[in-house]
Amino acid sequence: MKMLNWNDVIRFANHGNPTPDRRVEKTDEEWKSLLTYEQYRITRRKGTEAPFSGEHCSIYEPGLYTCTCCETELFDSGVKFNSGTGWPSFTQPVKENAIKYEKDGSFGMVRVEVMCNTCDAHLGHVFPDGPAPSGLRYCINSVSLQKKEETTHEK
Ligand SMILES: [Zn+2]
């Protein structure tokens, strides 16, 4: 795929996101019953985990990271880098249409929220201060991600 840059992110946030390969839609009650409280709070209520608290924060072993809610592949460990922020950070999604972008004006800032494009789970935010060549830093909650080997949710 073509490498995404900040202009692409802004274009998606302003003019609409790429079409996902599939959609997973559930009611709020269904998500509540499927997820732990912390997973529900972050992915379905746009929460943020405490920095340096996440299990994926300092792990760089090869593998794919999937959405905690719908298991769609989102990021490859090959583009994971240590941003020093305390949240898992990536420079690119695995596929252009894996991620959905929306402007977020909360907390008096304009940021770009990133969500799973399949099930709308809140993942984190993307910033234009990442390493070259993409210049992107996807700052993602560990709770929103699962390493692919794991097939069951931790309860
Ligand atoms: Zn998802």
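The questions and answers below concern the fold, strand pairing, core and N terminus of a predicted model.

Q: Which pattern of helices and strands does the chain follow along the sequence?
A: The chain holds three helices and nine strands. Read from the start of the sequence, these elements come in the order α-α-α-β-β-β-β-β-β-β-β-β.

Q: Which radius of gyration does the chain have, and why does it agree with a compact globule?
A: The C-alpha trace spans about 40 × 35 × 35 Å along its principal axes. Because a compact globule with 155 residues would have a radius of gyration near 15 Å, the value for this chain agrees with that expectation, being 14 Å.

Q: What share of the contacts in the chain with a separation of 6 or more comes from residues 24 or more positions apart?
A: Buried residues make up 35% of the 155 residues in the chain. Among contacts with a separation of 6 or more, the share that joins residues 24 or more positions apart is 60%.

Q: Which residue in β9 is the bridge partner of Thr66?
A: Strand β1 (residues 64-67) runs antiparallel to β2 (residues 73-76), with three bridges joining them, and in this pairing Tyr65 stands opposite Phe75. β1 also pairs in the antiparallel sense with β9 (residues 145-147), again over three bridges. In that second pairing, the β9 partner of Thr66 is Gln146.

Q: Which residue in the turn between β1 and β2 has a positive phi?
A: The strands β1 and β2 form a hairpin, and five residues lie between them. In this turn, a positive phi of about 65° belongs to Glu71.

Q: Which element gives the most residues to the largest nonpolar core?
A: The largest nonpolar core has 28 residues, and those with the most contacts inside it are Val9, Leu74, Val114 and Cys116. At least two residues of this core come from each of α1, β1, β2, β5 (99-104), β6 (111-116), β7 (122-127) and β8 (137-140). The greatest contribution, four residues, is that of β6.

Q: With which residues is Val9 in contact, leaving aside its neighbours within four places in sequence?
A: Val9 is among the residues with the most contacts inside the largest nonpolar core. Leaving aside neighbours within four places in sequence, the residues in contact with Val9 are Leu4, Tyr101, Val112, Val126 and Leu136.

Q: Why does Met1 count as buried or exposed?
A: Met1 lies in the segment before α1 (6-15), and its contacts beyond four places in sequence are with Lys95 and Glu96. The C-alpha atoms of Met1 and Glu96 are separated by 7.2 Å, although the two residues are 95 residues apart along the chain. Because Met1 has 10 C-beta neighbours inside 10 Å, and a residue with 12 or fewer falls in this class, Met1 counts as exposed.

Technical notes. Residues numbered from 1 in each chain as written. Predicted model: local features only at pLDDT ≥ 70, side-chain atom pairs only at ≥ 80, totals over all residues. Buried ≥ 20, exposed ≤ 12 C-beta atoms within 10 Å, placed from the backbone. Contact = placed C-beta atoms within 7 Å. Pairing = 2+ DSSP bridges. Rg over C-alpha atoms; globule rule 2.2 N^0.38 Å. Core = buried A, V, L, I, M, F, W, Y, C linked by C-beta atoms within 7 Å.
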